[in-house]
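Student: Could you give me a close reading of a single part of this structure, with its surroundings described step by step? I should like the buried strands and their pairing to be treated with particular care.

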Amino acid sequence: MQRLQFMLARVLQGLVAIMLIATVNFMLVRAAPGDPVSVLAGEAGASDAQFVAQLRTQFGLDQPITTQLATYLGKVVRLDLGFSYRQQQPVLKLILDRLPATLLLTGSAFALSLLFGVTLGALSARRAGTWVDSSITVIALIFYATPLYWLALMAVLVFTVQLAWLPGFGFSTVGSGLTGFALAWDIAQHLVLPALTLALFYMAVYARMTRAAMLDVAQMDFVKTARAKGVKPGRILRAHVLRNALLPVVTLAGIQAGGMIGGAVLTETVFAWPGIGRLMFDALLQRDYSLLLGAFLVTAAMAVLFNLITDFVYTLVDPRIELT
Amino acid sequence: MKSPFWRRFTRNKGAVAGMAVLLLVVVVALLGPWIATNDPWGMVQQPFLHPWTEPGFALGTDTLGRDILSGMIYGARISLLIGAVSTVVALLIGITLGAIAGYFGGLVDAALMRFTEIFQAVPSFALAIVLVAIFQPSVGSIVAAIAIVSWPPVARLVRSEFLTLRQRDFVQAALLAGQSTPRIILTQILPNAMSPIIVMASLMVATAILLESSLSFLGLGDPNQMSWGYMVGSARTVLRQAWWMALFPGLAIVLTVLALNLVGEGLSDGLNTRLDGRTK
Amino acid sequence: MSVAARPVLDITGLSISLPAGADRALAVERASLSVLPGQTLCVVGESGSGKSMIANAVMGLLPRPQVAPVAGQILFEGVDLLTLTEPQMRELRGRRIGMVFQEPMTALNPVMRIGEQIGEVFDAHVSVPAAEKRRRILAALADVGLPEPELLIDSYPFRLSGGQRQRVMIACALVLEPVLLICDEPTTALDVTTQAQILRLIRELQQRRGTAVLFITHDFGVVSEIADHVVVMQTGQVVEAGPARRVLDAPQHPYTRKLIAAIPHGQAQRATPTDDTLRVLQVQDLCKTYRSSHGLFKRGRAVQAAKNISFELKRGETLGLVGESGSGKSSVGRCLVGLAPFDSGRILFKGRNLSQGAAFRREAAGKIQMVFQDPYASLNPRHRVGAAIAGGPIAQGIGKAEATARAVELLKLVGLAADAAERYPHEFSGGQRQRIAIARALAMQPELLVADEPVSALDVSVQAQVLALFAQVREQFQLAMVFITHDLRVAGQMCDHLAVMQRGELVEYGATQQVLNDPQHAYTRQLIKAVPRLTQPPQHLTMAVA
């Protein structure tokens, strides 16, 4: 019951945050150089006078600024994110079409990065000071310093161009007409490279954090108490050290989620993965600002939602959190 | 050089190596126009020249016949410039807001923290893209965009340091002595908060360089500046023919960012011991 | 007359090395001691004496390889523990030897239920069916005097107080009925009344089960309460050993004598103050309530730290504000100096009613000063000592040269060399830092000095020196002082009047002698009874301070 109340409060906060971000969108359009209407119409739409006039009335651009804001926010609440002249479709539809692909990519990358990151970090901490630790640390450092898009390009170069082991472009093999399990397998193959490259950077982040947290926790008094009770080292590691070290990792995962969603833009661009990130890239090229801002709002909403989930998970794992 | 800070720093071999690489990059950046043999934008050779085939073009040429090595040298200048300046701006914003929030607490703190949280809720790279796109790419807008997405973690760190230090007895004693608020913030608290800020600053420059290169990769870089990200971006569609166009600039980024991270760790080691010999 | 019982623990010639760069090569040098079954051996010493090292060495918990035993034997039931492998040691730990540590607030895993933490001991050593295990855990919790074991077994540690967590630790250590219990300063971090309860508990359990107890402590009062035998340690060496009564009544070694003499005896010995009628401080019905923040769905909680506190102080007098943690004495202290606002009531300084917050401090013009508890946190680590002391007068408008000269003078007054002004705090010991803190307070030429537990963090011998400095300074400058402490012995020695606080209320107020000899309130009586004291004050020892 307490948890429910707490979550409701957080959901409310999240919605307010999304509205605030929408307001930022609104202000950006006003602050951009040039006429706000041409910004909203995009490069393609600006040349169509009728479209421009339509936008002017729709957004009430001749009215006082507060009314404009209210109109804009009203549209956002009704999920009306505008119209992309270039693609001749409502922005919302374009985004919703792409959403599943991005969710699939970021979801798998997140799972991979957490799983491998925590495991490698724990291994590194367990064998602190040995060659295992040094190699994991060095590898993590290198991946932490590697730009996502470059890693993606190198992966394509090696695995697709040179070795032809894995496909490097798109969601599935075009025109193959596969269905059911065969389609899923095809998609999975296409998913490997993008998910892995997106995951590697964050794997390094979680590995470093897990290692540091575990080494910290191992110094704490209650670990000494456990040893004084004669508890076996394996259990001490699992139930005492790791259990406490995971708390900061969960918090970090929430914070990094925003980063991963942003990083998806780069990964999707390189791998031509049909997700929201790719959509943002196309919008950039086409100077379609309505679409760009709409996609931005949706990615922000995704990040907010994700933070909510990690907050919730944190209350499950840390009994000390006071919910009332 | 024999101060305890340097002793601890140099004990970290990685940090020393990082420092060496970083110095090399800085020197290259500073001496850029004098060591680069060609104008990076000049189409001086045949396109798609393989590396190490022609003297004077050690790393080959790109789709338009531009010298990649010269491009990388100029790219170093822009990356370091943007990285450093945007970090300084982010630090100024973050330290100011964090110090105020941490020192005064209460409503001021709550309001500032809500404000910071909004910024942190947004995926920072996406926000940077939007900002640069809307305000048209230039060195100025890129620096501003990176600074705007980078200041929240600084503010949080400074806030938490100030919250802790504010309660310390020596600050209470300074209050009793009648020292003014600005004096207390600047002479009593801030010097004790500097260590984690310095470490964070070096990591922020690394992140800023990654951000700038990512923006340039997507085509949002300053069109008048040759940057590493732009070079990798222009290689995207011709990867099969000219793999070296993507490899070398990318390696430069990896090495520079890695060097900065290692130096950051060395700084953390070097500054970590509290002067009173006890852990905080 | 019976066959000499074989000692449960017999340490001979134990030496433990420290890593290079430490202030000495050996933490413990050729130490020997033995503990008989059913008996309590106390190892007494100040910080750095190596007493905790011995306890850790027995359990095999030394942080190797930097700190390791290099010589000697630790015979436990005839087996040399130093020759055992780690798995063999693991079998003994928790089963044949139990250990209780010093800091109860961090000694339990915060995310694991209490029942599971005790259950671990079973899982590690014996195979017991779940129902039986639960029964025994409940019994263990009841045995150590914890209320409602059924609820506690599924609770998390954050719900328990320090004293309760220590009881849980004792339950963990004793649940498999070991023959030896090692206690490493288990009551140092606890309130005096809680300490009395824990000591009583340990004594009771020992008598019931015949456990041998190795008890590490720095407090001779505790020794007097529970020890059968005593070993005194100084910088790693055993300087005296013997039956407790003999060592306490007739100490042989000069260090032991110095330690016993340094214990505050609780008898004021200062001259009666003059009939100066100037009331430096008048506190009338002071009230302060802490309200924890409330969010959208969270109710705030209110804790009354001070309820209608009233007292007064004349020039040259010292008032002792005595209480345990949570009594509100520190809150009152902060209100007195203007570092914390209060909700109602008045504070009059030299007859003038002071307003709140920054205005309070301004009106007092630096004439009310404070000496803080933690010597390691009360000096800015980045400022030189001289600058720290001169900083106050400079902020009040005094010229830099004059302020610096005053700082040097004060350093000499508190017993430090003049060149100390150029050094940083980390170059000084805890006791020296407290002297610097006193010098800093005196630099403002205060008329009222509030000392908030100024000696609690210091070793007993250093404590005596700092208390003597307070007495000297008080006489010299005719200061009015409010001395906040939890230690009745210190309060008795330093103060003319005592004000006893319990949960925000002033339960007793009067002249020291009267309060200590004829306490009116039940809580005061309880406090006095709980103070661990030497049952026979050593009359033949002088109170001279080394």
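Tutor: A definition is needed at the outset: strands are DSSP runs of E with at least two residues, numbered from the N terminus, and two of them pair if DSSP finds at least two bridges between them. The model is a predicted one.

The part chosen is strand 3 of chain C, which spans residues 40-44. Strand 3 of chain C is mostly covered, with five of its five residues buried. Burial here requires 20 or more other C-beta atoms within 10 Å of the residue's own. C:Thr40, C:Cys42 and C:Val44 point one way from strand 3 of chain C, while C:Leu41 and C:Val43 point the other way. In general, side chains in a regular strand alternate between the two faces of the sheet.

Consider next the strands that pair with strand 3. To strand 8 of chain C, residues 212-217, strand 3 of chain C is joined by five bridges, and the two run parallel. Within this pairing, C:Thr40 has C:Val213 as its bridge partner, and C:Leu41 has C:Leu214. Strand 9 of chain C, residues 229-234, also runs parallel to strand 3 of chain C, with four bridges between them. Here C:Cys42 has C:Val230 as its bridge partner.

Strand 8 deserves the same attention. Six of the six residues of strand 8 of chain C are buried, so this strand is largely enclosed by the rest of the structure. C:Ala212, C:Leu214 and C:Ile216 point one way from strand 8 of chain C, whereas C:Val213, C:Phe215 and C:Thr217 point the other way. Strand 8 of chain C also pairs in the parallel sense with strand 7 of chain C, residues 180-184, over five bridges. In that pairing C:Ile182 stands opposite C:Leu214. C:Leu214 is thus a bridge partner of C:Leu41 in strand 3 and lies opposite C:Ile182 in strand 7.

Chain C also contains an antiparallel sheet. Four strands form this open sheet in the order 2-1-4-5. Strand 2 (26-35) and strand 5 (79-80) of chain C stand at its edges with a single partner strand each, so one side of each is left without a neighbour in the sheet. Helix 1 of chain C, residues 51-59, packs on this sheet and touches strands 1, 2 and 4 of chain C. The direction of that helix makes about 110° with that of strand 1 (9-17) of chain C. At one edge, strand 4 of chain C, residues 68-76, is joined to strand 5 of chain C by two bridges, and C:Leu75 stands opposite C:Asp80.

The chain as a whole sets the context. The secondary structure of chain C comes to 19 helices and 20 strands. Its radius of gyration is 26 Å, close to the 24 Å that the globule rule gives for 546 residues, so chain C is as compact as a globular protein of that length. The C-alpha atoms of chain C fill a box of roughly 70 × 55 × 45 Å along the principal axes. Of its 546 residues, 47% count as buried. Among the contacts in chain C with a separation of 6 or more, 70% come from residues 24 or more positions apart.

Technical notes. Residues numbered from 1 in each chain as written. Chains lettered and ligands numbered in written order. Predicted model: local features only at pLDDT ≥ 70, side-chain atom pairs only at ≥ 80, totals over all residues. Contact = placed C-beta atoms within 7 Å. Axes fitted to C-alpha atoms, helices over the stretch in contact; angles between N-to-C directions. Rg over C-alpha atoms; globule rule 2.2 N^0.38 Å. Buried ≥ 20, exposed ≤ 12 C-beta atoms within 10 Å, placed from the backbone.
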